[in-house]
Amino acid sequence: MFIMFEINRLKQILNWNAFVIALIVLLSLNNQVTAQTDKKADKLFEVAKSEFTSKHFPKAIEQCNKILAENPNFRDAHLLLADIYSEIDSVNLEIRHLEKAGEIAKSPVIDFRLGEAYYKNANYYEALSFYNEYSKNKNIPEKRQFLLACKIASCQFALNSLENPVEFE
C-alpha cells in the first residue's frame with residue numbers, strides 16, 4: 001500500500017515537473033515573439049519618424065497605423081500621430097492620440113499638449129483643465145511658465161466671456 005502511494009506521488013511530481021517545464025517553454029516562446037514584435041514595431045517607427053521628418057504625412061500615418069494594429073499600446077506611435085495631425089490641422093485626431101498616449105503612460109508634457117489641442121479647438125474648459133494639471137509639475141521651464149500663465153488667463157477670460165456675453169450696439 002505504501003509503495004503504491006509513493007508511486008502515485010511520484011507520478012504527480014513528474015506531471016507537475018512536466019507542467020512547470022511546459023510553462024517555462026511557453027513563456028520563453030512568448031517572450032521571443034514579443035521581442036520580435038517589438039523589433040518590428042521599432043523598425044516601423046523609425047520609418048514613420050523619417051517619413052514625418054520628410055513631411056510625407058500619409059506614409060507616416062500608414063506606418064504608425066501598422067504599429068498600432070500589432071501593438072495598440074505603442075505610446076510613441078500615438079504621440080507621432082498626434083504630431084502629424086497637429087501639422088495637418090486635424091485637431092480632433094490629434095486629441096484622440098494624445099489622450100490614448102496619456103492613458104498608456106501619464107506625462108506632464110502630454111497634459112500641456114492636450115491643453116494646447118483643446119485650446120486650438122476652442123474647448124476652453126478642457127484646455128484649462130489640462131493646463132491646470134500641467135501646472136502641478138515642478139519642472140516647468142521658465143519660458144513655458146509664462147506661456148502657461150497666459151494660456152490659463154486666456155481660457156479663464158474666454159470662459160467668463162461665454163458665460164457673461166456683452167452685447168454691442
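How many Å should the 13 residues of α5 span, and how far apart are its end C-alpha atoms?

**Figure 1. Helix α5 in the predicted model.** At 1.5 Å a residue, the expected span of α5 is 18 Å, and its end C-alpha atoms lie 19 Å apart, which agrees. The helix covers residues 108–120. Just after α5, alanine 122 has a positive phi of about 60 degrees.

**Figure 2. Packing of α5 against α6.** Helix α6 is formed by residues 124–135. The axes of α5 and α6 are 8 Å apart and meet at an angle of about 160 degrees. Angles over 145 degrees count as roughly antiparallel, and α5 and α6 are therefore roughly antiparallel to each other. Their crossing is left-handed.

**Figure 3. Residues in the contact of α5 with α6.** From α5, the contact uses Pro108, Val109, Asp111, Phe112, Leu114, Gly115, Glu116, Tyr118 and Tyr119. From α6, Tyr124, Glu126, Ala127, Phe130, Tyr131, Glu133 and Tyr134 take part. By class, 11 of the contact residues are nonpolar, one is polar and four are charged.

**Figure 4. Buried residues of α5 and what covers them.** Ile110, Asp111, Phe112, Leu114, Gly115, Ala117 and Tyr118 are the buried residues of α5. Their cover includes α3 (75–87), α4 (91–104), α6 and α7 (142–163).

**Figure 5. The surroundings of α5 in the protein.** The protein has seven helices and zero strands. Of its 169 residues, 28% are buried. Among contacts with a separation of 6 or more, 47% join residues 24 or more positions apart.

Notes
Residues are numbered from 1 along each chain as its sequence is written. This is a predicted model: local features need pLDDT of at least 70, side-chain atom pairs count only at pLDDT 80 or more; totals for chains, interfaces and linings use all residues. Side-chain values use heavy atoms; hydrogens and water are left out. Axes are lines fitted to C-alpha atoms, for helices over the stretch in contact, and angles run from 0 to 180 degrees between N-to-C directions. Helices (H or I, at least four residues) and strands (E, at least two) are DSSP runs, numbered from the N terminus. Angles under 35 degrees count as roughly parallel, over 145 as roughly antiparallel, 65 to 115 as roughly perpendicular and the rest as oblique. A crossing is left-handed if the near helix is turned anticlockwise from the far one by less than a right angle, and right-handed if clockwise. Contact means heavy atoms within 4.5 Å. Ala, Val, Leu, Ile, Met, Phe, Trp, Tyr, Cys and Pro count as nonpolar, Asp, Glu, Lys and Arg as charged, and the others, Gly among them, as polar. The expected span of a helix is 1.5 Å times one less than its number of residues. Buried means under 20% relative accessible area, exposed over 50%, partly exposed in between (1.4 Å probe, protein chains only).
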